[in-house]
Every structure is written in C-alpha cells, then in structure tokens.
Amino acid sequence: MGIASLRVGVLAGAAAGLALAGLPAVATAAPAAHSHAVNHFVAGHARSHAQESSNWSGYAETGSGFTSASATWTVPSASGSGFSSAWVGIDGDGNSNLIQTGTESDADGQYYAWWEILPAAETPIDSVNVSPGDTITASVRQDSGSTWTISLTDESNGQNFTTQQ
C-alpha cells in the first residue's frame, strides 16, 4: 500500500442527504498539534497539505511515510433518520488504498464497531458492544511491508478487538 495520507473522520448523514458533523477525536502519527473539527496530532508533515472533503468531515494529512494513526472519540447518539460514523485510518484520500476502523451510530438503534481494508467491504466487530456515550480508542499500524494491526477498544466497557491483516 502506498501510504499517501492520514485520515481521521466523521461522517454523518440523513435520509434526505448528507450532513457533515465533527466529533471530538484525536489522531496521532506522532506528537505535534493542530486544531480542527476533529482534533489531531501529526508530526513531520506540513499543515499546508491539509485538505477538505465534501463527503466527510475530519482531517486528512497528505505526504508519505505514515505508518500508524490512532484516535479517541465518544460514540454519538443518533436520532431521527440520521446516521453517523467516526473512524481513523490511513490513506484512501483520492485513491482506494484504505485501511480504517471505527464505529457506526444509526437512528434505528444500531450501534456497532467495524474495520475495513479496501477493496473489501467493512467487517463488523461483534466482540465489542458499542453504546451511545462510550469512549472509543482505535488505531491502525503498519507492522512490516503489507502487514497491518487494527485495534479498537471500548474504554467504557473494557471490550477490545485486535486483528493483524
């Protein structure tokens, strides 16, 4: 995977169309600070490469050499006909080389954790029960070559998940 960007994001939508929202999350590739809709920390990469997107809210840092990203967020409560996803990942900004993990909050009462490596569809994480208000910590880390470790922990109930892909 050519690692071209670090992503931390939030996607919120409704049946009538897409609405963007920000959640309190922290992404790290190393420590150096900048504030945005999603708080994040990125070291060794110029902030002038930050980009915005019309279909998600969050932060994308472009460059090269990203080998890990982590974030912490609070699972939102969804209502009405809306839904929300919060995630952290590497790449996928303008390409299909994406590895990410996050949570989904749907107005129909479904709350769940997931991970994804494109081109495969997202994989639900059944071993972590997610509820509104839970604090989630998640990360993706390149171990070597094309081997990645994906981790997600619900700090509120102590449940966690790790997979190596």
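**View 1. V140 sits buried in a strand of this predicted model.** V140 is buried, with a relative accessible area of 0%. This residue belongs to strand β11, and the structure shown here is a predicted model. Which residues does V140 contact once its neighbours within four places in sequence are left aside? They are T67, S68, A69, V88, G89, I90, I99, Q100, T101, T149 and I150. If you would like a distance to look for, try V140 and L152: their C-alpha atoms are separated by 8.9 Å, and the two residues are 12 apart along the chain.

**View 2. The whole chain is built from strands.** Let us step back for a moment. The chain has 0 helices and 13 strands, so reading along the sequence gives the pattern β-β-β-β-β-β-β-β-β-β-β-β-β. Of the 165 residues in the chain, 42% are buried. Among contacts between residues at least 6 apart in sequence, 54% join residues at least 24 apart. About 7400 Å² of the chain is exposed, and carbon and sulfur atoms supply 49% of that area.

**View 3. The largest nonpolar core brings together residues from several strands.** Nonpolar side chains tend to be buried together in soluble globular proteins. Here, the largest nonpolar core holds 23 residues. Which of them have the most contacts inside the core? Look for W73, I90, I125 and L152. Two or more residues of this core come from each of β6 (68-74), β7 (82-90), β9 (111-117), β11 (135-144) and β12 (147-154).

**View 4. Strand β6 has a buried face and another face that is not buried.** In a regular strand the side chains alternate between the two faces of the sheet. Follow β6 and you can see this: A69, A71 and W73 point to one face and are buried. S68, S70, T72 and T74 point to the other face and are not buried. How many bridges join β6 to β11? There are 7, and the two strands run antiparallel. One pair to find is W73 with its bridge partner in β11, I136. W73 also appeared in the view of the core, among the residues with the most contacts inside it.

**View 5. Strands β12 and β13 form a hairpin.** These two strands pair in the antiparallel sense over 5 bridges. T149, for example, has Q164 as its bridge partner in β13. The hairpin has 5 residues between the strands, and G158 takes a positive phi near 80 degrees. Side chains alternate along β13 as well: F161 and T163 point to one face and are buried. On the other face are N160, T162 and Q164, which are not buried.

**View 6. A search of the whole structure finds 1 salt bridge.** It would be easy to pass by, so here is where to look. The side chains of D143 and R141 meet in this salt bridge, at 2.9 Å from N to O. Are these residues buried or partly exposed? D143 counts as partly exposed, at 31% relative accessibility. R141 is partly exposed too, with a relative accessible area of 41%.

**View 7. T101 and D106 are two buried residues of strand β8.** T101 is found in strand β8, residues 99-106, and counts as buried at 0% relative accessibility. T101 and A86 are 15 residues apart in sequence, and their C-alpha atoms are 8.5 Å apart in space. T101 is also one of the contacts of V140, the residue in the opening view. D106 lies in β8 as well. Why does D106 count as buried? Its relative accessibility is 14%, and buried means under 20%. Leaving aside neighbours within four places in sequence, D106 is in contact with A78, G82, F83, Y111 and Y112.

**View 8. Confidence varies along the chain.** The chain averages a pLDDT of 72, and 64% of the residues score at least 70. Over residues 10-50 the pLDDT is below 50, and this stretch has 114 contacts in the model beyond near neighbours in sequence. Residues 1-7 also stay under 50, with 49 contacts beyond four places in sequence. Which elements have the lowest and the highest mean pLDDT? Strand β2 (residues 17-19) has the lowest, at 23, and strand β13 (residues 160-164) the highest, at 97.

Key
Residues are numbered from 1 along each chain as its sequence is written. Side-chain values use heavy atoms; hydrogens and water are left out. A nonpolar core is a set of buried Ala, Val, Leu, Ile, Met, Phe, Trp, Tyr and Cys residues joined through side-chain atoms within 4.5 Å. Buried means under 20% relative accessible area, exposed over 50%, partly exposed in between (1.4 Å probe, protein chains only). Helices (H or I, at least four residues) and strands (E, at least two) are DSSP runs, numbered from the N terminus. Two strands pair if DSSP finds at least two bridges between them. Contact means heavy atoms within 4.5 Å. pLDDT is the predictor's confidence in each residue, from 0 to 100. A salt bridge is a side-chain nitrogen of Lys or Arg within 4 Å of a carboxyl oxygen of Asp or Glu. Accessible areas come from the Shrake-Rupley method with a 1.4 Å probe; for residues, only the protein chains shown count as cover.
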